[in-house]
2 protein chains.
Amino acid sequence: MIPKDLFSLYLIVDPILCGGHSHCVKFLNAVIPCGVKIVQLRAPNWHKGAILALAKDLPNGIPLIINDHVDVCLASGADGVHLGANDLPVESARKLLGPEAILGYSVNNEKALEHSIRLGHKIDYLGIGPVFLTATKADHVPPLGIERLRSICSRSIHPTVAIGGINAQNAAEVMAIGAPDALAVISAICAADQPTKATRELCQEIERGRKMKKATANN
Amino acid sequence: MIPKDLFSLYLIVDPILCGGHSHCVKFLNAVIPCGVKIVQLRAPNWHKGAILALAKDLPNGIPLIINDHVDVCLASGADGVHLGANDLPVESARKLLGPEAILGYSVNNEKALEHSIRLGHKIDYLGIGPVFLTATKADHVPPLGIERLRSICSRSIHPTVAIGGINAQNAAEVMAIGAPDALAVISAICAADQPTKATRELCQEIERGRKMKKATANN
């Protein structure tokens with residue numbers, strides 16, 4: 001299992017939003033030093049050859065997670081895979097990846113949370129969302145909202161990453177009230193006018209939200 | 001390498017064309033005894049969870065090839081993978097699959113043929129096409145025609161499977177003139193009114209084409 005403090009800011013990178021292969025590499029080299037702790041490569045509209053080539057070219061130093069494709073993870077030497085309900089079953093993926101790989105699992109409702117609890121140590125963290133409405137994923141279920149996020153996070157036996165419509169305006173509130181361990185963003189960084197500035201702001205807001213939560217807990 | 005006589009009729013099965021998971025299983029149980037020698041599962045619009053579930057339910061007894069997804073092949077215990085130019089590179093796939101798996105490679109032009117020759121024993125057969133115009137693959141390159149198919153087949157160092165727009169009306173001619181080792185079809189069987197009858201007819205036409213070729217060679 002990965003430590004809870006590993007990923008306060010989890011960046012899901014869409015290479016199309018970033019302008020293609022080489023722009024994506026440059027982009028990550030710029031934003032990672034600003035506070036990104038873990039990167040997921042998510043390119044649902046790209047062929048696997050292109051995803052593998054990009055995965056091999058991405059900067060080292062922080063964990064790289066591949067969305068969906070266990071074979072791309074194995075071929076690229078990435079650190080893990082993120083799986084949703086329609087992807088390979090967690091059991092199959094864990095068998096192929098071995099015990100050391102990081103395996104994330106999407107939780108969109110309470111039923112999926114129950115399943116994640118049954119999966120136990122086969123998964124390392126949960127991606128919980130969408131918290132808010134988002135245009136990035138077209139096939140999305142209705143948003144959870146912060147209260148339902150808080151309920152799911154409180155019952156999770158895994159580290160939790162909130163996802164879906166999160167940006168610098170709502171990050172502190174999500175951390176304080178929803179109380180996940182980390183936040184994941186796509187467009188708040190990938191589509192920002194100034195991605196490095198947006199990354200730093202998000203990190204500050206995450207910290208501010210953590211302090212708000214602690215202050216509330218201490219009262 | 002798989003023996004040249006293994007796959008005179010190579011069926012690429014599209015589970016959507018076949019009416020979904022359970023219809024696809026029934027369909028294959030019906031057509032395989034009519035002469036299909038090898039099956040490829042190709043479901044580009046399906047999630048991997050559904051492809052894996054179907055792969056596990058398909059009849060045993062003849063080789064099952066998974067289009068594109070090395071991870072699905074490994075998780076399902078299928079016999080091999082078919083790769084195109086945009087998929088994982090052959091070298092990466094072979095490393096993940098091991099030496100025993102059947103690995104097919106798509107050749108759409110002379111440049112890809114040259115690449116297949118360099119790949120040597122890393123691949124087991126070539127899928128060459130499209131021979132004719134076809135509606136099944138939307139992103140297709142222009143058709144090769146029979147003469148160009150013949151030229152490519154004659155230079156291949158691997159067993160060859162012709163694909164693209166092949167049906168009972170043109171199968172004998174393709175075998176006789178183009179001279180591949182086998183023919184692959186999708187809609188000629190999957191979209192036929194009577195799939196078992198269509199399968200038997202295709203097998204007869206393949207044999208007739210082989211005899212025509214031999215007769216020409218002997219004259």
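**Two-fold arrangement and barrel fold of the predicted model**

In this predicted model, chain A can be laid on chain B with an RMSD of 0.0 Å by a turn of 180° and a shift of 0.0 Å along the axis, where copies are superposed by least squares on the C-alpha atoms of residues with pLDDT of at least 70 in both. This is the relation of a two-fold axis, and the C-alpha of chain A nearest to that axis belongs to Asp71(A), at 2.5 Å from it. Both copies use the same surface, since 100% of the contact residues of chain A recur in chain B, contact meaning heavy atoms within 4.5 Å.

Within chain A, eight strands close into a barrel in the order E1-E2-E3-E4-E5-E6-E7-E8, with parallel pairing; helices (H or I, at least four residues) and strands (E, at least two) are DSSP runs numbered from the N terminus, and two strands pair if DSSP finds at least two bridges between them. Neighbouring strands of this sheet are turned by 25° against each other on average, direction ignored. Strand E4 (residues 80–83) of chain A pairs with strand E5 (residues 102–107) of chain A in the parallel sense over four bridges, and His82(A) has Gly104(A) as its bridge partner in E5(A).

Helix H5 (residues 110–119) of chain A packs on the sheet, where it touches E5 and strand E6 (125–128) of chain A, and its direction makes about 155° with that of E5(A); axes are lines fitted to C-alpha atoms, for helices over the stretch in contact, and angles run from 0 to 180 degrees between N-to-C directions.

Residues are numbered from 1 along each chain as its sequence is written, while chains are lettered from A and ligands numbered from 1 in the order in which they are written. For this predicted model, local features need pLDDT of at least 70, side-chain atom pairs count only at pLDDT 80 or more, and totals for chains, interfaces and linings use all residues, while side-chain values use heavy atoms, with hydrogens and water left out.
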